[in-house]
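Work through the exercises below with the sequence and the model open. Each task is followed by its solution.

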Amino acid sequence: MEEDQDYDSARSDDGDERRRPGGVRSFPSRREIPGVDRISDLSDSIIHHILSFLPADDAVRTSVLSRRWISLWTHAPKLTFKCDCYCSSSTLRRFFRFVDKTLFFYSSSKMEKFELDFGYIKAKDRACAKTTESRLESLIDKWLLLVTRRHVEELSLNFRKSVEIGNYGYRYLYPIPQFVFNSSSLTKLSTRDCYYAPERQVCWTSLRALTIEQAGLSNDMLLKILAGSPMLKYLKLHVCWVINSINISSSSVLEYLEVRDCWSITRIDASSNSSLEKLVLKEMRNRMNKKENNVIEISCPNLKSVEISGCWFQRVCRLLDASSLIHACLTFQFDVEIFQFDYVDISKELLEKIKHVKKITLGPYCVQVLSFLEFNGLLSPLSGSSCECLILNANLNECYPFGLAHLLHCFATLQKLVIDMTIISEDSPEDVFPENYLERVDRTFICLLEHLKTIEITSFRPYEHEPDALGFVSFLLGNARVLKEMVIHFGRKVSEFDIGERAKLFDLTQKLLSLPRCSPHAVVLID
């Protein structure tokens with residue numbers, strides 16, 4: 001006890017250090033360390049970097065911390081101004097004053113990113129709305145002039161307007177000023193509800209990524225943008241109208257093109273281009289109900305990857321040349337009944353174009369088409385396929401044994417099978433499909449005998465379709481002779497199941513692990 005008392009009272013001459021009897025050093029307890037502002041000890045450049053992660057209003061608030069912090073925010077490399085949801089006129093005026101004042105005091109000569117994001121409700125009276133738009137345009141022009149003079153690298157303009165596109169046309173889109181088209185420092189540009197009409201040549205010599213959403217964009221405008229963006233590698237067009245053709249020239253270095261819900265587009269041509277690697281088409285709908293917009297033709301002979309997804313309304317897609325494809329993802333669906341023969345024919349044509357591809361992803365619609373062909377004994381578009389990796393975004397409901405049998409038969413060189421059961425699709429009539437079809441079908445599956453080594457099932461939901469799921473897993477384990485690994489993910493953590501579900505889960509796990517295996521090297525892993 002006396003020794004402890006001596007230790008508690010022992011201090012060095014400067015009061016910051018203790019000594020035990022015998023000369024052993026000790027340090028002060030945490031409660032005795034005086035408060036230290038460690039953030040303020042950081043260099044200005046590090047603090048500027050930290051401030052760049054904050055919204056502009058929070059960054060400005062740091063000016064009240066101390067004298068040193070008064071002007072630190074004015075050198076933050078990134079400014080983000082965001083006004084959530086649709087604002088009233090008074091809220092917008094306060095927001096605009098804040099943006100105006102912040103940019104007035106901003107003193108850095110270089111800006112990495114400027115983001116402007118707000119929404120508002122249109123005035124019902126057109127004259128009043130036009131006046132508001134004119135004032136708003138002059139304000140935004142002034143702000144953009146300030147940031148472009150500071151050589152901004154990333155620019156994001158997101159104007160969320162509560163008016164339908166067809167009501168007022170271009171008058172209610174913000175027209176991008178010409179000086180922005182001359183901003184050679186831009187490396188990334190993203191816009192929504194803007195109008196592109198460059199008066200002269202575009203000079204985006206550093207631009208690498210461009211996203212245009214909800215915009216009036218003509219063929220000539222896009223050609224002018226592509227010609228003035230020699231470094232552009234990433235292009236997204238979402239809900240753009242007027243434009244009906246995309247032509248990628250041989251000089252373009254574009255690698256990624258995504259087109260979503262651009263209802264006038266009928267052709268994408270990159271036949272002379274060798275750099276475009278991935279094309280994504282999503283939710284292509286014929287909003288105007290014009291017959292001439294029904295078909296989209298794709299001529300991209302050097303394309304490495306294509307994705308056709310989402311709901312297609314009165315539109316179809318044709319791949320004119322897919323000889324260089326390595327990965328094809330067909331997860332689209334049509335807004336029609338499955339057994340309409342014209343859409344089945346279009347699907348067959350697409351499937352035939354990709355049968356040489358090494359990696360294929362199919363959605364519920366394509367699997368149902370294959371089930372239909374199998375059930376009716378029709379010729380397969382995938383006969384002689386070279387696919388080595390198959391990903392199915394579909395459930396194991398009663399519709400799919402036909403489609404699965406069709407795929408296992410056609411994909412003789414299949415080495416990896418992935419089934420993602422996240423997507424919930426509609427079941428077909430229960431009385432159409434016989435039970436245990438895979439076991440009963442009189443057919444040899446070469447991939448099971450010679451090539452299939454890996455099987456992965458994600459978002460496994462056995463309680464929704466336990467007989468089908470267990471039957472399919474049992475069939476694969478019992479027939480895959482060279483299988484090395486089967487991995488099953490339930491999609492939820494064990495802690496997220498209640499007590500009753502955990503008991504069922506344990507019983508199911510025991511069933512899965514006890515299933516007989518044809519391959520002596522097969523390992524079953526359950527997550």
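**Exercise 1.** Which residue in strand 14 is the bridge partner of arginine 267?

Solution. In strand 14, glutamate 297 is the bridge partner of arginine 267. Strands here are DSSP runs of E with at least two residues, and helices are runs of H or I with at least four, both numbered from the N terminus. Strand 12 (residues 267-269) and strand 14 (residues 295-299) run parallel and are joined by three bridges. Two strands count as paired if DSSP finds at least two bridges between them.

The model is predicted: local features need pLDDT of at least 70 and side-chain atom pairs pLDDT 80 or more, while totals for chains, interfaces and linings use all residues. Residues are numbered from 1 along each chain as its sequence is written, and side-chain values use heavy atoms, without hydrogens and water.

**Exercise 2.** Place the pair 12 and 14 in its sheet.

Solution. The sheet is open, with four strands in the order 10-12-14-16 and parallel pairing. Its edge strands, strand 10 (245-247) and strand 16 (316-321), each pair on one side only.

**Exercise 3.** Which residues of helix 15 are buried, and which are exposed on the other side?

Solution. Buried means under 20% relative accessible area and exposed over 50%, with partly exposed in between (1.4 Å probe, protein chains only). Leu505, Leu508, Thr509 and Leu512 are the buried residues of helix 15. Because they cover an arc of only 105 degrees around the axis, they lie on the same side of helix 15; the arc is taken from the directions from the helix axis to the C-beta atoms. On the other side, Ile499, Lys504, Phe506 and Ser514 are exposed.
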